[in-house]
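Trainee: I've just opened this one and I'm not sure how to read it. Could you walk me through it?

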Amino acid sequence: MKALRHPAFFRLILAYLVSQAGSKVHRVALLVLVYLLTENALWVSLTLGVQLLGTVVFSPLLSAWADTQDRKTLLVWSDLLRAPLVALIPLLGAKSLPFLLLLVFLIELLRDLHDPIQNAALPDLVPEEEVDEANGLVLLAERLSEVLFVGAAGALVALVGPAFAFYLDALTYLLSGAILLGLPPLRPKAKPALPFFARVKEGLGHLARHPAIRRAVGTLFMAAAFGSVETALGVVLALKWLGVGAAGFGAMEAAMALGAILGTLVVPWLTQRMPRERVFLYGLLTFGLLEASVGVFPVFFWVLVAFFLGGLTNIAFIVPARSILQLNTPQEMRGRIFAAFSAVMNGAVLTGTMLGGALEGQIGAPKVFLLAGAMVSLAALYTLLTGGIPAPKKAGA
């Protein structure tokens with residue numbers, strides 16, 4: 001893979017893989033710890049809500065400041081500072097639930113600082129023609145972590161308890177930060193001319209005003225508001241409608257993750273032969289059809305096939321979406337754009353998750369999948385039939 005030949009990008013992807021390994025263990029350990037301490041699902045939901053609050057509310061504010069700083073410095077310190085905060089969870093957070101929520105919130109703020117910066121810096125580390133491949137590799141690292149470490153995390157927490165898992169996560173952040181120290185400086189190319197809140201507004205405004213970004217994000221928001229029902233209803237489908245139990249649900253999740261891994265290899269090949277804007281819309285359209293098919297054919301074998309292909313087509317629209325944002329945004333604004341994008345998408349996912357839970361009791365999970373998939377495909381089809389998404393203009397054009 002050509003993108004890995006660039007030493008700075010190789011460092012970025014290696015650090016991300018290391019930190020993702022710890023993050024998967026951390027997520028399992030955190031939810032287990034909260035439930036063991038409270039024996040109350042409401043506290044689990046509250047913990048997840050605190051994480052979402054950081055992304056939706058504070059990420060755009062943090063990024064307006066981050067876009068004026070050296071991105072290498074922020075990447076390093078956002079990892080190094082997470083290490084002691086994570087280590088404090090078993091030491092102090094387990095003794096005080098309010099303090100635990102505070103630690104969770106602070107860790108999420110640092111993640112909200114780190115992840116948009118990583119996405120913003122990527123086009124500075126590889127040539128433009130390799131941006132899709134580089135985005136695919138970042139997603140490949142994430143999906144590999146899901147396949148390799150989520151199951152291992154559950155076994156680890158069960159074997160040695162949550163505390164050791166948090167210490168392991170803290171160690172991965174220290175290692176990731178050390179790897180990122182080898183990056184070149186990633187300073188903004190232009191000094192900000194606007195005050196802080198004007199920069200926040202400028203970032204959100206670019207998301208709404210730029211034709212390509214507005215159409216891509218608008219389409220993806222509508223799709224995510226319906227398509228994310230799988231987040232809440234996958235387990236309901238497995239247990240209640242397919243009767244395959246927790247093991248069957250695990251197989252469904254693994255099928256989607258394996259499809260996503262294949263997608264990270266296929267999608268860069270596709271974007272070399274077709275405009276990424278069309279790959280984005282075709283991928284979204286096909287994803288919707290596959291999701292709807294789960295409702296039409298709620299049979300375990302077909303669900304596994306549909307989830308596998310859904311994982312592949314999920315990457316087919318996520319990778320081009322990231323590239324569209326990166327290549328249509330000035331270098332000094334990318335952090336704000338990715339933070340705003342993350343906030344918008346998390347809002348859509350929350351909407352879809354709540355909608356799926358509300359509708360399941362009324363019409364059943366299969367019909368919810370059918371309805372949601374149809375709406376995803378209609379969102380992509382509407383954009384296709386109304387002119388698609390414009391390609392970025394070349395410099396000097």
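Trainee: Let's start with one residue: is Asn 314 buried or exposed?

Mentor: First, keep in mind that this is a predicted model. To settle burial, compare the relative accessible area with a cut-off: under 20% counts as buried. Asn 314 has 14%, so it is buried.

Trainee: Where does Asn 314 sit, and which residues does it touch?

Mentor: Asn 314 is part of helix α12, which covers residues 300-327. Leaving out residues up to four places away in sequence, Asn 314 touches Arg 143 and Phe 287.

Trainee: What about aromatic pairs: how many does the structure hold?

Mentor: Look at how two rings are placed and angled. There is 1 aromatic pair here. Phe 287 and Phe 317 make it, edge-to-face, with 5.5 Å centre to centre and 75° between the planes. Phe 287 belongs to helix α11 (residues 276-296) and Phe 317 to helix α12, so the pair ties together parts that are 30 residues apart in sequence. Both of these Phe residues are buried, too.

Trainee: And how do I read a nonpolar core? Which residues touch the most other members of the largest one?

Mentor: The general idea is that in soluble globular proteins, nonpolar side chains tend to be buried together. In this model the largest nonpolar core has 44 residues, and Leu 220, Leu 237, Phe 280 and Leu 284 touch the most other members. Several helices supply at least two residues each, among them α8 (211-227), α10 (245-271) and α13 (334-363). Helix α8 gives the most, with 9 residues. Take Leu 284: beyond its neighbours within four places in sequence, its contacts include Leu 220, Phe 317 and Val 376.

Trainee: Which residues does the second core include?

Mentor: That one is separate and has 29 residues, including Ala 8, Ile 13, Ala 66 and Leu 74.

Trainee: What does the whole fold look like, in helices and strands?

Mentor: Count the elements: 14 helices and 0 strands. For overall packing, compare the radius of gyration with what a compact globule would have. With 397 residues that would be near 21 Å, and the protein chain has 21 Å, which agrees. Also, 53% of the residues count as buried.

Trainee: Where is confidence lowest, and where is it highest?

Mentor: Where pLDDT is low, the predicted coordinates should not be read in detail. Here the mean for the chain is 84, and 92% of residues reach 70 or more. Confidence is lowest in helix α2 (residues 41-66), with a mean of 71, and highest in α11, at 96.

Terms used: Residues are numbered from 1 along each chain as its sequence is written. This is a predicted model: local features need pLDDT of at least 70, side-chain atom pairs count only at pLDDT 80 or more; totals for chains, interfaces and linings use all residues. Side-chain values use heavy atoms; hydrogens and water are left out. Helices (H or I, at least four residues) and strands (E, at least two) are DSSP runs, numbered from the N terminus. Buried means under 20% relative accessible area, exposed over 50%, partly exposed in between (1.4 Å probe, protein chains only). Contact means heavy atoms within 4.5 Å. Rings of Phe, Tyr and Trp (its six-membered ring) pair if their centres lie within 6.5 Å; planes under 30 degrees apart count as stacked, over 60 as edge-to-face and the rest as tilted. A nonpolar core is a set of buried Ala, Val, Leu, Ile, Met, Phe, Trp, Tyr and Cys residues joined through side-chain atoms within 4.5 Å. pLDDT is the predictor's confidence in each residue, from 0 to 100. The radius of gyration is taken over C-alpha atoms; the globule rule is 2.2 Å times the number of residues to the power 0.38.
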